[in-house]
Amino acid sequence: MLTSLLSIPLALRNPGDPSNARDAVAWIFVKLLKVPQLFGITVEARGLKNFDVKGPFIVVCNHQTSLDLIPMCSVLPSRCASMAKRELMYAGPFGLAFLLSGGVFVDRRPGKSRDTIERTVRQLKQKNAGLWIFPEGTRNHAGGLLPFKKGAFLMAVQGQFPVIPVIISSYSAFYDLAARKFESGKVIVTVLPPVSSKPYTVDSIQNFVDDVTSSMLAVYELSSKEALSGSVGCSAEKHDS
């Protein structure tokens with residue numbers, strides 16, 4: 001809530017600009033309020049150079065808990081907005097800050113998904129922007145990846161946008177909701193190279209989903225084991241290896 005309130009004046013300088021998501025919201029969350037440090041979470045980012053694409057793009061990222069905001073805001077690329085369910089439009093300062101940052105509200109009511117996809121593709125082309133999506137559609141506390149919904153991939157195919165997979169390692173080493181466990185810890189965020197949507201069509205969309213899911217799951221398992229074992233260093237850093 002505080003992040004939303006503080007970001008509104010900054011975002012009003014260029015209302016609706018997707019760059020506000022990083023330069024206002026994420027900057028306040030990570031740099032000004034220092035939320036990662038407050039929660040004792042260190043973020044190691046890998047492959048940030050893979051965000052360097054010229055045109056519109058779709059980011060697909062696994063979704064575990066509300067803690068995902070910490071790694072997300074720590075690596076969020078420029079000109080990249082995010083997607084949220086329509087009901088959050090009315091969530092006070094959050095809804096306003098989200099709109100000012102170019103955010104896209106998705107209407108999940110029957111028959112509305114096609115309109116959302118077409119409208120979003122047009123907006124991304126007009127703004128030359130990216131869109132961060134959690135394709136699992138819900139939080140996953142169980143580990144691994146839930147089946148991906150097809151919306152993000154349909155947008156990519158329709159707009160001929162590349163898909164950039166982002167994988168957040170498991171929090172299980174320091175966070176367990178059922179056991180009421182929350183300690184300081186480290187999370188690894190891996191940005192994979194963009195995946196072209198050109199080889200795929202609407203008819204082969206499931207192949208697109210499966211190919212991206214497979215590559216993300218492999219990285220999730222490896223990075224989660226690494227984070228769990230504590231084999232990585234303890235300092236916060238961002239690098240492109």
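Is Met-89 buried, partly exposed or exposed? In this model, which is a predicted one, Met-89 has a relative accessible area of 31% and is therefore partly exposed, since buried would call for under 20% and exposed for over 50%.

## Met-89 and its surroundings

Met-89 sits in the loop that runs between strand β3 and helix α5, the latter covering residues 93-100. When residues up to four places away in sequence are left aside, Met-89 touches Gly-95 and Phe-105. Phe-105 lies 16 residues apart from Met-89 along the chain, and the C-alpha atoms of these two residues are separated by 7.0 Å.

## Strand β5 and its partners

Strand β5 is made up of residues 130-133, and its residues point in two directions: Gly-130 and Trp-132 are turned one way, while Leu-131 and Ile-133 are turned the other way, and all of them are buried.

Two strands can be followed as partners of β5. Strand β2, which spans residues 57-61, pairs with β5 in the parallel sense over 4 bridges, and within this pairing Phe-57 stands opposite Gly-130. Strand β3, which spans residues 80-85, also pairs with β5 in the parallel sense, here over 3 bridges, and Ser-82 has Trp-132 of β5 as its bridge partner.

## Strand β9 and its partners

Strand β9, formed by residues 185-191, is mostly covered, with 7 of its 7 residues buried. The cover extends to both faces of β9: Gly-185, Val-187, Val-189 and Val-191 are buried on one side, and Lys-186, Ile-188 and Thr-190 are buried on the other.

The pairings of β9 described here run in two senses. Strand β1, at residues 41-46, pairs with β9 in the parallel sense over 6 bridges, and Ile-41 has Gly-185 as its bridge partner in β9. Strand β6, at residues 163-168, runs antiparallel to β9 and is joined to that strand by 3 bridges, with Val-191 in β9 serving as the bridge partner of Val-166.

## Helix α7 against helix α8

Two packed helices are described by the angle between their axes and by the distance between those axes. For helix α7, which covers residues 151-159, and helix α8, which covers residues 205-229, the packing angle is about 115 degrees and the axes are 10 Å apart. The crossing of α7 and α8 is right-handed.

In this contact, Phe-153, Leu-154, Ala-156 and Val-157 of α7 meet Ile-205, Phe-208, Val-209 and Val-212 of α8. The residues of the contact between α7 and α8 divide into 8 nonpolar, no polar and no charged.

## Helix α6 against helix α7

Helix α7 also packs with helix α6, which covers residues 113-127, at an angle of about 55 degrees and with the axes 10 Å apart. Because an angle of about 55 degrees falls outside the ranges for roughly parallel, roughly perpendicular and roughly antiparallel, α6 and α7 are oblique to each other. The crossing in which α6 passes α7 is right-handed.

On the α6 side, Ile-117, Glu-118, Thr-120, Val-121 and Lys-125 take part in the contact, and they meet Gly-151, Leu-154, Met-155, Gln-158 and Gly-159 of α7. The residues of the contact between α6 and α7 divide into 4 nonpolar, 4 polar and 2 charged. Leu-154 of α7 is named among the residues that meet α8, and Leu-154 is also named among those that meet α6.

Methods:
Residues numbered from 1 in each chain as written. Predicted model: local features only at pLDDT ≥ 70, side-chain atom pairs only at ≥ 80, totals over all residues. Heavy atoms only, no water. Axes fitted to C-alpha atoms, helices over the stretch in contact; angles between N-to-C directions. Left-handed = near helix turned anticlockwise from the far one by under 90°. Contact = heavy atoms within 4.5 Å. Nonpolar A, V, L, I, M, F, W, Y, C, P; charged D, E, K, R; others polar. Parallel < 35°, antiparallel > 145°, perpendicular 65-115°, else oblique. Buried < 20%, exposed > 50% of the residue type's maximum accessible area, 1.4 Å probe, protein only. Pairing = 2+ DSSP bridges.
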